[in-house]
Amino acid sequence: MIQIRPFSPEDRPAWEPLWQGYLSFYRSALPAGVTDVTWRRLNDPAEPMHGLAALLDGKIVGIVHYLYHRSTWTVGDYCYLQDLFTSEEARGRGVGRALIEAVYQRAQADGASRVYWLTHETNAAAQALYDKVASRSGFIQYRRVF
Ligand SMILES: CC(C)(COP(=O)(O)OP(=O)(O)OC[C@H]1O[C@@H](n2cnc3c(N)ncnc32)[C@H](O)[C@@H]1OP(=O)(O)O)[C@@H](O)C(=O)NCCC(=O)NCCS
């Protein structure tokens, strides 16, 4: 049975290896100060940023982070699902799907008009999951980094 629940501040030791695993998956690393701020925001009810943990046998094996922002196209906010990660040992057991569906439920309850996210074009495993739970928008992301 997969349990899904919001983070609490004591979850940091369980959350951090998954967060680092996610960053490594995308060949990224962040300064420790950024991870500190992110964790603080994820646990601050005044922030529009939220996180959920997925537990199997009482152990956190998956995480998702999402945030709300305004939209010029709708009265309700949009929900951006920014990060999703399942530990390697727990993959293929429905954890990723359960986390996405939990974000859907919360976003709808919070009055959001959509949940959306990005993935890399080479991430076939993620796309195999996403194609089952959402539709492709056809939009391409551009960015300029400062
Ligand atoms: C992508 C990821 C989150 C999927 O998590 P997961 O817990 O293994 O996914 P699930 O077990 O919920 O899979 C759900 C569905 O997707 C499909 N799927 C998941 N991984 C797959 C894979 N590697 N190949 C083919 N299909 C796959 C499954 O068939 C499953 O379908 P079913 O529910 O009908 O059986 C996980 O592989 C991961 O953390 N990868 C590294 C980080 C990453 O890519 N994050 C997403 C970045 S955008």
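Trainee: Starting with D36, what is its relative accessible area, and which class does that put it in?
Mentor: Bear in mind that this is a predicted model. The relative accessible area of D36 is 33%. Buried would need under 20% and exposed over 50%, so at 33% D36 counts as partly exposed.

Trainee: Which residue forms a salt bridge with D36?
Mentor: The closest N and O atoms of the pair are 2.8 Å apart, inside the 4 Å cut-off for a salt bridge. The D36 side of the pair is in helix α2 (residues 32–42), its partner sits in helix α1, and 24 residues separate the two, which links distant parts of the chain. The partner is R12.

Trainee: And which other residue does R12 bridge to, about one helical turn away?
Mentor: Look within helix α1 (residues 12–25), where the two are four residues apart, so about one helical turn separates them. Both ends are partly exposed, R12 at 23% relative accessible area and its partner also at 23%. The closest N and O atoms are again 2.8 Å apart. Add D36 and you have a network of salt bridges, and the residue you're after is E16.

Trainee: How many salt bridges does the whole structure have?
Mentor: As a general point, side chains of opposite charge can pair when their charged atoms come close. Beyond the R12 network, there's one between R70 and D77, at 3.1 Å from N to O. R70 is exposed at 68%, whereas D77 is partly exposed at 22%. A search of the whole structure finds a total of six.

Trainee: Over to the strands: is β4 largely enclosed or open, and how many of its residues are buried?
Mentor: Strand β4 covers residues 78–86. Strand β3 (residues 59–69) runs antiparallel to β4 and joins it through eight bridges, with H69 opposite Y78. β4 is largely enclosed by the rest of the structure, because its buried residues number eight of the nine.

Trainee: In β5, which residue is the bridge partner of Y78?
Mentor: β4 and strand β5 (residues 114–116) pair in the parallel sense, over three bridges. To get from β4 to β5, the chain crosses through helix α3 (residues 95–109), and this β-α-β crossover is right-handed. The β5 partner of Y78 is R114.

Trainee: D83 has no salt bridge, right in β4. How far away is the nearest side chain of opposite charge?
Mentor: D83 is buried, and the nearest candidate is R143. A salt bridge needs N and O within 4 Å, so R143 doesn't qualify, its distance from D83 being 10 Å.

Trainee: Which side chains make polar contacts with D83, then?
Mentor: Leaving aside neighbours within four places in sequence, D83 is in contact with W19, Y22, I63, V64 and H65. One polar contact, at 3.4 Å, goes to the side chain of Y22. Another joins D83 at 2.7 Å to the side chain of H65. That gives you Y22 and H65.

Trainee: Last one, on helix α4: is K132 buried or exposed?
Mentor: Compare Q127, found in helix α4 (residues 124–133): it's buried at 15%, and its contacts include T119, H120 and R136. K132 lies in helix α4 too, but its relative accessible area is 62%. The cut-off for exposed is over 50%, so K132 is exposed.

Technical notes:
Residues numbered from 1 in each chain as written. Predicted model: local features only at pLDDT ≥ 70, side-chain atom pairs only at ≥ 80, totals over all residues. Heavy atoms only, no water. Buried < 20%, exposed > 50% of the residue type's maximum accessible area, 1.4 Å probe, protein only. Pairing = 2+ DSSP bridges. Right-handed = clockwise from strand over helix to strand, strands pointing away. Lys, Arg positive; Asp, Glu negative; His and termini not counted. Polar contact = N/O pair within 3.5 Å; in protein donor to acceptor, adjacent residues only side chain to side chain. Contact = heavy atoms within 4.5 Å.
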